[in-house]
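Please examine the sequence and the fold displayed below. The paragraphs that follow lead through selected elements in turn.

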Amino acid sequence: MWEDFLNSLQNFRRNKTRTLLSLLGVIIGVASVIVITSLGKASTKEVEKTFGSAGLDVVSISSGFFRRRRDAVTLQFDESFRENMFESVKDIKKIWYKNSLSTTMTYGELSSTVSCSAIEPGYLEMYKLKLEAGSFFTVTDDQEGLQKIILSHDTAESFFPAGDAVGKKVILVTNNVTFGFEITGVLAEQTTGMENSSAYIPRGFYSKKITPNPKAATVLVQAASPQKAVALTSTLSTYCTNLSGTEGSVSVTSMQSMLEQMSEITKTMSIMLSAIAAISLLVGGIGIMNIMIVTVTERRQEIGIRKALGAAPSDIRQQFLVESASITLIGGLVGIAAGVLVSLAAEYVQSQSFVISTGACIIAFFFSVFVGIFFGLNPASRAAKLDPVIALSAE
């Protein structure tokens, strides 16, 4: 077989143009599969990077958007709801309540509309947000309803470009009511995660001065672990549906389930596109079969001489099968190299991390060799069946 392989390389060298045309379909097919799977994995990794690791164990509950039945119960996110849910549902670590409001922030002559969240102590730490300066809210700040505020990095930079925000006082106007707040902290710049409010105030102040005894707009449930977040999402959805009497009364989502869904979509798309790209391998295989049929016709005298010297039909079949498989083997290796280089270039242009699927490389390579053997069977069988007398008499 090794001798047949070396003879194949010599034949390729003698027919360079024909060999190159035979290789093109295989190279393009293998390279396409590698590029598609690489970009798919890079996109998935980029999504994971955008989400970050913080908040993957959090499930969010908010009011739904479907019309409720007349007999449906409107869920009230009050303290009773929190206590009952904590007692009734397993795998819950902690529950936070959150309200959002649109306000106008003013400092000196600067004024801007900012999104503000009324949160409970530990909320920002739960999302693993870091402080650039100052401190987080304490339990005392929340219980006493102190007028303190934490600014996001961008908001603080807009109002205090010198970086001296902590300790300064700003004015917030909401519902035509003015409140003064002392800046107690500034968050570090965020590059990942989904928490993106411009400012945060204690929910204790919100419930005392802005909306007395408020119902939470959003309930954030921290699962016992990120691995249990997806199952907890389904459990909480069922729990809320049973309480309200209708499906869709609340919207229950989690970053972990969203991330898994997006990964599944990306994986499915990659598989579909890879299957389409693999068609070019089949087209290349048909081209190889045509070339091999022509090769058998051209080399009938060589086949006749080998048979006259005692070569068995199986030896002739093996010779042409090895030659056919050698074309796709070389094409597969070149295709993998081309796919890796194109993936590197594409991900460099898109500023994404470089990810190559080893499994895709292996599958594409062996599939290309299989194509060579499969489409080489017919020409090899023709060569093996040639009558030596007829073959030797051929011009």
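**A guided reading of the predicted model**

Immediately following helix α8, Gly 245 adopts a positive phi of about 85°. The coordinates discussed here belong to a predicted model, not to an experimental one. Gly 245 is a convenient point of entry, since the helix that precedes Gly 245 can be described in some detail.

Helix α8 covers residues 229-244, a run of 16 residues. At 1.5 Å a residue, this helix should span 22 Å, and its end C-alpha atoms are indeed 22 Å apart, which agrees with the expectation. Within α8, the buried residues are Ala 229, Leu 232, Thr 233, Leu 236, Tyr 239, Cys 240 and Ser 244. Viewed down the helix axis, these buried residues fall within an arc of 135°, so they line one face of α8. The spacing of such positions follows a general rule: an α-helix has 3.6 residues a turn, so residues three or four places apart point the same way. The elements against which the buried residues of α8 pack are β1 (58-63), α3 (79-88), β2 (92-107), β9 (218-223), β10 (250-254) and α9.

One of these partners, strand β9, contains Thr 218. Thr 218 has a relative accessible area of 19% and is therefore buried, the cut-off being under 20%. Setting aside residues up to four places away in sequence, Thr 218 touches Ser 60, Ile 61, Ser 62, Trp 96, Tyr 97 and Lys 98.

Another partner of the buried residues of α8 is helix α3, and α3 also holds a charged pair. Arg 82 forms a salt bridge with Glu 79, with the closest N and O atoms 2.7 Å apart. Because Arg 82 and Glu 79 are 3 residues apart in helix α3, about one helical turn separates them. Their environments can be stated separately: Arg 82 counts as buried at 14% relative accessibility, whereas Glu 79 is partly exposed, with a relative accessible area of 41%.

A search of the whole structure finds 5 salt bridges. In general terms, side chains of opposite charge can pair when their charged atoms come close. Among the salt bridges is that between Lys 148 and Asp 141, whose closest N and O atoms lie 3.2 Å apart. Lys 148 is partly exposed, with a relative accessible area of 22%, while Asp 141 is buried, at 5%. Asp 164 and Lys 168 also meet through their side chains in a salt bridge, with an N to O distance of 3.1 Å. Asp 164 counts as partly exposed at 38% relative accessibility, and Lys 168 is likewise partly exposed, at 26%. Salt bridges with shared partners also join Glu 79, Arg 82 and Glu 120 into one network.

Attention now turns to helix α9, which spans residues 255-298 and includes Ile 265. Ile 265 is exposed, with a relative accessible area of 54%. Together with Met 269, Met 272, Leu 273, Ile 276, Ile 279 and Val 283, Ile 265 forms a nonpolar patch on the surface. The combined accessible area of this patch is about 680 Å².

Helix α11 comprises the 37 residues 313-349. From its first C-alpha to its last, α11 reaches 54 Å, close to the 54 Å expected at 1.5 Å a residue. Just after α11, Ser 351 takes a positive phi of about 55°.

What separates Ala 31 and Ile 336 in sequence and in space? The two residues are 305 residues apart in sequence, yet their C-alpha atoms are 5.6 Å apart. Ala 31 is found in helix α2, which covers residues 16-51. With a relative accessibility of 11%, Ala 31 counts as buried. Apart from residues up to four places away in sequence, Ala 31 touches Gly 335, Ala 338 and Gly 339.

These elements belong to a protein with 13 helices and 10 strands. Of its 395 residues, 46% count as buried. Among contacts between residues at least 6 apart in sequence, 79% join residues at least 24 apart. The accessible surface of the protein comes to about 20,700 Å², of which 58% belongs to carbon and sulfur atoms.

Note on methods:
Residues are numbered from 1 along each chain as its sequence is written. This is a predicted model: local features need pLDDT of at least 70, side-chain atom pairs count only at pLDDT 80 or more; totals for chains, interfaces and linings use all residues. Side-chain values use heavy atoms; hydrogens and water are left out. Patches are made of residues with over 30% relative accessible area and no salt bridge: like charges are joined within 9 Å, nonpolar side chains (Val, Leu, Ile, Met, Phe, Trp, Tyr) within 5 Å. Accessible areas come from the Shrake-Rupley method with a 1.4 Å probe; for residues, only the protein chains shown count as cover. A salt bridge is a side-chain nitrogen of Lys or Arg within 4 Å of a carboxyl oxygen of Asp or Glu. Helices (H or I, at least four residues) and strands (E, at least two) are DSSP runs, numbered from the N terminus. Buried means under 20% relative accessible area, exposed over 50%, partly exposed in between (1.4 Å probe, protein chains only). The expected span of a helix is 1.5 Å times one less than its number of residues. The arc is that of the directions from the helix axis to the C-beta atoms. Contact means heavy atoms within 4.5 Å.
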